[in-house]
Amino acid sequence: MSKQATGTAFVALLRRDFLLAYRRRAELLQPLVFLLVVVTLFPLGVGPSPTLLANIAPGVIWIAALLATVLSLDSLFRSDFEDGTLEQMVLSGQSLALIALARTVAHWLVAGLPIVLLSPLLAMWMNLPDEGLLILIESLAIGTPVLSLIGAIGGALTVSLKRGGQLLSLLVFPLYVPLLILATSAVSSAVVDLPYTGQLGLMVSGLIASLTLAPFATAAALKLSLS
Amino acid sequence: MDLPNNSHMLAVTGLSFERYFERVFEPVSFELDAGSLLLITGSNGCGKTTLLRLLAGLLDPSEGKIQKEEQPLYAGHFPAIKDDLSVEENIRFWMKFMGTRKSDQMDGLCEQVIEEIGLTPVAQQEGRTLSAGQRKRCSLARLLFCDESLWLLDEPYSNLDPQGIAMLDSILKTHLTSGGACIMTTHGSLRPEGFDLQECHMISGRERYAGEAA
């Protein structure tokens, strides 16, 4: 069998995912609208006191980002699984880890990156002090790829279950906890002028670890779901 | 003990698969050489699809072994067609992803394939608008651009109209005369005509036990 070059297959898959994302843009907007609504509800719920909002801003924005990501994870592999695309991909002889990575990269670009881009607006709504804004953006830029990478493992594990959504959130939320703690602590430290590079450094190491390891775990979970 | 380098394209010995500690089908053995067509028959639920999935490598056998020279092409019940992409985009994606015989002539080849499977009038339509038969034709397009020599076709005739069946038969004939081989399942109502074929009748594990009890 003359197997297609790995790079070409990777690019073909990315292009297909972007085209699909464009055709289903309404589906794509839902998690972002959800993110905006959740953050908007906080000033209404806890009261509009500027200092109170500034204190809880990093946590609120990060938790909303977490929820919005999990919302879009269930569909990561589901349609490919249900229409037989996934089994054809497995049989194509291409590395399954690479397929998983391509899907994850596409997921981050259409679901994670918009959260990073929206974060200045969210920070303004939550009255986050200017000193914290840059760190919030940085923490989201480092953290949202980790959310996608770890989430992909959960998505792959639950893809063969009819209603895997709830189980998926139970599986991945515990894994998100360290990230949430580090990110919010980095932003809160920056606001009060304390050093935050340690937290960001740990987040970067988490990103590197999940970038190198998560695709293999996702591939193994996909193989398991198919058999 | 079979020698690993015997001349068969595919050799299966005593192959069986268990699900929840129960045999899905009774062990089967067969050999397949270049240019031959193996028809797998049996009633609904007797394990035909499971057998093909085992041969494709999607499942691991519980007993017996499969010796194959190369990865076969598997066309199962799921068409692997995206509802949101047009026929042409679907086929082009799979060409790029799986590779084609002549990757430098991708554009011409794509049009040629679409014409050969008779979907030129709907080439720009989204997958969701296709009928079941058109879907089947679209998923069979893979047969025309992939270069695997062993094909595993699961109920390839289902949903096809008489012209579609004739089209598939002619594709199959070309494949077999050029040294390929094919394993095809059918539950009996539609059979390939005008081929020299081997036949393998499958018995489900449950049927066998029912027979013993009687």
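**Strands and a helix in chain B**

Trainee: How many bridges join strand S5 (residues 37–41) of chain B to strand S9 (residues 181–186) of chain B?

Mentor: Strands here are DSSP runs of E, at least two residues, numbered from the N terminus. S5 and S9 of chain B run parallel, and the count joining them is 5 bridges. By the way, this is a predicted model, where local features need pLDDT of at least 70, side-chain atom pairs count only at pLDDT 80 or more, and totals for chains, interfaces and linings use all residues. Residues are numbered from 1 along each chain as its sequence is written, with chains lettered from A and ligands numbered from 1 in the order in which they are written.

Trainee: What is the bridge partner of B:Leu37 in S9(B)?

Mentor: Two strands pair if DSSP finds at least two bridges between them. For B:Leu37, the partner in S9(B) is B:Cys182.

Trainee: In what order do the 5 strands of the open sheet sit?

Mentor: Their pairing is parallel. The edge strands, each pairing on one side only, are S7 (73–75) and S10 (197–201) of chain B. So, reading across by the DSSP pairing, the order is S7-S8-S9-S5-S10.

Trainee: And which strands are the edge strands of the open sheet with 3 strands?

Mentor: That chain B sheet is antiparallel, in the order S4-S1-S6. Each edge strand pairs on one side only, and they are S4 (28–32) and S6 (63–68) of chain B.

Trainee: What is the bridge partner of B:Leu15 in S4(B)?

Mentor: Strand S1 (residues 10–16) of chain B pairs with S4(B) in the antiparallel sense over 4 bridges. In S4(B), the partner of B:Leu15 is B:Val28.
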